[in-house]
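Here is a colleague's note, to be read with the coordinates open. The points move from one element to the next, and each can be checked in the viewer.

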Amino acid sequence: MYYFISDAHLGSRAMTNPEEHQQKLVNLLRVMEDDAAGVFLLGDIFDFWYEYLWECYPAKPETDAIPRSKRFFAPVLQQLRRMTDKGIEVHFFIGNHDIWTFGGLARMTGVTVHRRGEEITLNGKRCYLAHGDGLVPSGYIDALPKAIKRRIKRFIFLRSVFHHPAAQALFRLVPPALGDAFGYEWAKRSRLKELANPFPYKGENREELVLWAKEQEGLCAPRTENREPRTEHRAPSTDYYIFGHRHIELDLQLASKSRVVILGDFFRQFTYASLDADGGLMLSVFE
């Protein structure tokens with residue numbers, strides 16, 4: 001069995017009981033451990049994660065050896081190491097809240113870190129896996145109202161800054177206590193806003209990730225003239241496009257027979273997906 005989960009946002013200062021929230025994810029991972037061939041963590045598992053130059057990461061996450069800024073995450077780090085030590089493949093795809101791992105997370109837990117979306121064949125099914133931020137269909141922004149266009153362009157600009165090697169190197173020099181205070185407070189505002197007003201499903205013809213998948217499948221043309229379809233992915237042979245990021249639960253079959261699956265989240269909906277030996281994919285809720 002292969003499992004997929006995203007958007008736990010562990011450590012969020014908007015959570016009423018962050019320790020209980022983390023333990024719920026650990027409990028799910030322990031259930032998965034019984035029959036998992038692989039587990040795919042599709043981004044934003046942590047509400048903020050940054051590996052500073054002042055920190056030293058051990059090969060095993062014993063609590064006292066974990067850098068002070070990461071000790072809160074000891075339960076989940078230890079559970080991930082336990083799974084990889086048993087031979088379970090654990091893949092960590094960076095999100096927009098946990099971009100900044102530079103080898104420390106992999107060293108402590110044994111996970112394989114992915115920095116971009118990838119197509120992987122699992123149980124005979126071709127799966128395109130990504131967190132989902134930054135996957136914008138051609139011409140999508142041009143057709144939006146000005147206010148929304150400005151907001152998306154601001155996000156794209158910030159994303160480019162967050163991914164820039166120079167910006168990352170400079171922030172790594174910040175003392176961990178100061179950097180974390182800034183990062184967690186920044187993230188807290190997003191969580192509080194969403195908890196008060198959850199993001200709605202926009203509909204098949206407006207959801208960026210659905211439109212992006214359709215573009216890869218050749219089901220819709222680019223929205224601007226003289227612009228070629230994106231080439232990050234080869235169409236049309238993908239069985240499942242599996243994303244996080246949007247915090248909505250979606251399982252949508254396209255005309256090409258591909259399915260777009262958005263995993264929901266693990267702080268409000270507590271959803272995840274599983275792929276069985278026959279290649280069947282199912283979304284579930286962890287009670």
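1. Contact here means heavy atoms within 4.5 Å, and the model under discussion is a predicted one. With that cut-off in mind, what covers the buried residues of α7? The cover includes β6, β7 (240-243), β8 (249-253) and β9 (259-263). Helix α7, residues 208-216, is mostly covered, since 9 of its 9 residues count as buried. The buried set holds charged and polar residues as well as nonpolar ones by name, including Glu208, Lys214, Glu215 and Gln216 alongside Leu209, Val210, Leu211 and Trp212. After the helix comes Gly218, with a positive phi near 75 degrees.

2. Helix α2 deserves a check of its geometry before its packing is discussed. Its 12 residues, taken at 1.5 Å a residue, should span 16 Å, and because the end C-alpha atoms lie 16 Å apart, the expected and modelled values agree. The buried residues of α2 are Ala74, Val76, Leu77, Gln79, Leu80, Arg81, Met83 and Thr84, and they pack against α1, β2, β3 and α3. Just after this helix, Gly87 adopts a positive phi of about 95 degrees.

3. The largest nonpolar core comprises 40 residues, and those with the most contacts inside it are Leu25, Val39, Phe46, Val76 and Leu77. At least two residues of this core come from each of β1 (2-5), α1 (18-33), β2 (38-41), α2 (74-85), β3 (89-93) and α3. A second core, separate from the largest one, has 17 residues, among them Leu42, Tyr240, Leu263 and Leu275. In soluble globular proteins, nonpolar side chains tend to be buried together.

4. Val76 is a useful residue from which to inspect the surroundings of α2. Setting aside residues up to four places away in sequence, Val76 touches Leu10, Gln22, Leu25, Val26, Leu29 and Phe46.

5. Is Thr109 buried or exposed? With a relative accessibility of 0%, Thr109 falls under the 20% limit and therefore counts as buried. Thr109 belongs to helix α3, residues 104-109, and a polar atom of its side chain lies 2.7 Å from the backbone oxygen of Leu105. Apart from neighbours within four places in sequence, Thr109 is in contact with Leu77, Leu80, Arg81 and Thr84, and these four appear among the buried residues of α2.

6. Strands β5 (residues 118-122) and β6 (residues 125-130) pair in the antiparallel sense over 5 bridges, with Thr121 standing opposite Arg126 of β6. The hairpin that these strands form has 2 residues between them, and Asn123 takes a positive phi near 50 degrees there.

7. Leu195, in helix α6 (residues 176-196), is partly exposed, with a relative accessible area of 35%. Beyond its neighbours within four places in sequence, Leu195 is in contact with Ala14, Phe267 and Arg268. Although Leu195 and Arg268 are 73 residues apart in sequence, their C-alpha atoms are 8.0 Å apart in space.

8. How many disulfides does the model contain? With sulfur atoms required to lie within 2.5 Å, the count comes to 0 disulfides. As for individual cysteines, Cys56 is exposed, with a relative accessible area of 63%, whereas Cys127 is buried at 0%.

Technical notes. Residues are numbered from 1 along each chain as its sequence is written. This is a predicted model: local features need pLDDT of at least 70, side-chain atom pairs count only at pLDDT 80 or more; totals for chains, interfaces and linings use all residues. Side-chain values use heavy atoms; hydrogens and water are left out. Buried means under 20% relative accessible area, exposed over 50%, partly exposed in between (1.4 Å probe, protein chains only). A polar contact is a pair of N or O atoms within 3.5 Å; within protein, one must be able to donate a hydrogen and the other to accept it, and residues adjacent in sequence count only if both atoms are side-chain atoms. A nonpolar core is a set of buried Ala, Val, Leu, Ile, Met, Phe, Trp, Tyr and Cys residues joined through side-chain atoms within 4.5 Å. Two strands pair if DSSP finds at least two bridges between them. The expected span of a helix is 1.5 Å times one less than its number of residues.
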